[in-house]
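Here is a short tour of a single chain and the ligand that goes with it. Have a look at the fold before reading on, and keep the viewer open as you go.

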Amino acid sequence: LNKNKTVDKRLLSICELLEANITYYNWVGFYFRNGNKEELHLGPYVGEPTDHTIIPFGKGICGQVAVSNENFVVPDVTAQDNYIACSITVKAEIVIPIFVNGENIGQIDIDSNTPNPFTEADERFLEFVCAQVAMIL
Ligand code: SME
């Protein structure tokens, strides 16, 4: 329990740093697989509170990444039919999986109020962040 508390504080710090320093990162949060269940649970995040604290595998961008094990960059959320809207201000989204021992155990999810803001530099940077996160879990 103490370890989880420390981990959650660190994850929240990462969210805060990302949101504060990258202007087009407007909601930053972590989702983690719930044990052996095929669902994601919301972890630490920064930004508007969301109703979507539990997301079934396959549902929305996050749920699709839980199944595909691949980055998902969405330049325009209105063009996605399997998408869970959290806020009407959101224009774009990026989700990068977190691997521990080769297993997809969760993800970082970032929403942007700017259309089409994410580049391959964001993907490489966030893959690095996720690799660091994997080491503190
Ligand atoms: N938009 C996500 C849901 C999570 S919110 O962005 C916080 C999705 O479609 O999976």
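## Fold at a glance

Helices and strands here are DSSP runs, helices being H or I over at least four residues and strands E over at least two, numbered from the N terminus. With that in hand, the order of elements along the sequence reads α-β-β-β-α-β-β-β-α. That makes 3 helices and 6 strands in the chain. Please bear in mind that this is a predicted model.

How compact is the chain for its 137 residues? Its radius of gyration is 14 Å, close to the 14 Å from the globule rule, so the chain is as compact as a globular protein of that length. The C-alpha trace spans about 40 × 30 × 25 Å along its principal axes. Buried residues make up 28% of the 137. Among contacts with a separation of 6 or more, 47% join residues 24 or more positions apart.

## The sheet

The 6 strands form an open sheet in the order β3-β2-β1-β6-β5-β4, and the pairing is antiparallel. β3 and β4 (72-74) are the edge strands, each pairing on one side only. On average, neighbouring strands of this sheet are turned by 25 degrees against each other, direction ignored.

Some pairings are worth following residue by residue. β1 and β2 (residues 39-46) run antiparallel and are joined by 5 bridges, with V28 having V46 in β2 as its bridge partner. The hairpin of these two strands has 5 residues between them, and G35 there takes a positive phi near 55 degrees. β2 goes on to pair with β3 (residues 54-56) over 3 bridges, again in the antiparallel sense; L40 stands opposite I55 in β3. Towards the other edge, β4 and β5 (residues 92-100) are antiparallel and share 3 bridges, and F72 stands opposite V95 in β5.

## Helices on the sheet

Which strands does α2 lie across? The list is β1, β2, β3, β4, β5 and β6, and α2 runs at about 30 degrees to β5. Helix α3 (residues 120-136) packs on the sheet as well, touching β4, β5 and β6. The direction of α3 makes about 35 degrees with that of β5.

## Around the ligand

There are 15 residues around the ligand, and those that come nearest are G60, I61, C62, I84 and C86. Elements giving two or more residues to this shell are β1 (27-33), α2 (60-68) and β6 (103-112). α2 supplies the largest share, 4 residues.

What is the make-up of the shell in nonpolar, polar and charged residues? The split is 7 nonpolar, 5 polar and 3 charged.

## Two loop asparagines to check

If you like scanning backbone torsions, stop at N69 and N116. N69 is not a glycine, yet its phi is positive, near 60 degrees. N69 is found in the loop between α2 and β4. Is N69 buried or exposed? With 12 other C-beta atoms within 10 Å, N69 is exposed, because a residue with 12 or fewer such neighbours counts as exposed.

N116 also has a positive phi, about 45 degrees, without being a glycine. N116 lies in the loop between β6 and α3. For N116 there are 13 other C-beta atoms within 10 Å, so N116 is partly exposed.

Terms used. Residues numbered from 1 in each chain as written. Predicted model: local features only at pLDDT ≥ 70, side-chain atom pairs only at ≥ 80, totals over all residues. Near = placed C-beta within 6 Å. Nonpolar A, V, L, I, M, F, W, Y, C, P; charged D, E, K, R; others polar. Pairing = 2+ DSSP bridges. Rg over C-alpha atoms; globule rule 2.2 N^0.38 Å. Buried ≥ 20, exposed ≤ 12 C-beta atoms within 10 Å, placed from the backbone. Contact = placed C-beta atoms within 7 Å. Axes fitted to C-alpha atoms, helices over the stretch in contact; angles between N-to-C directions.
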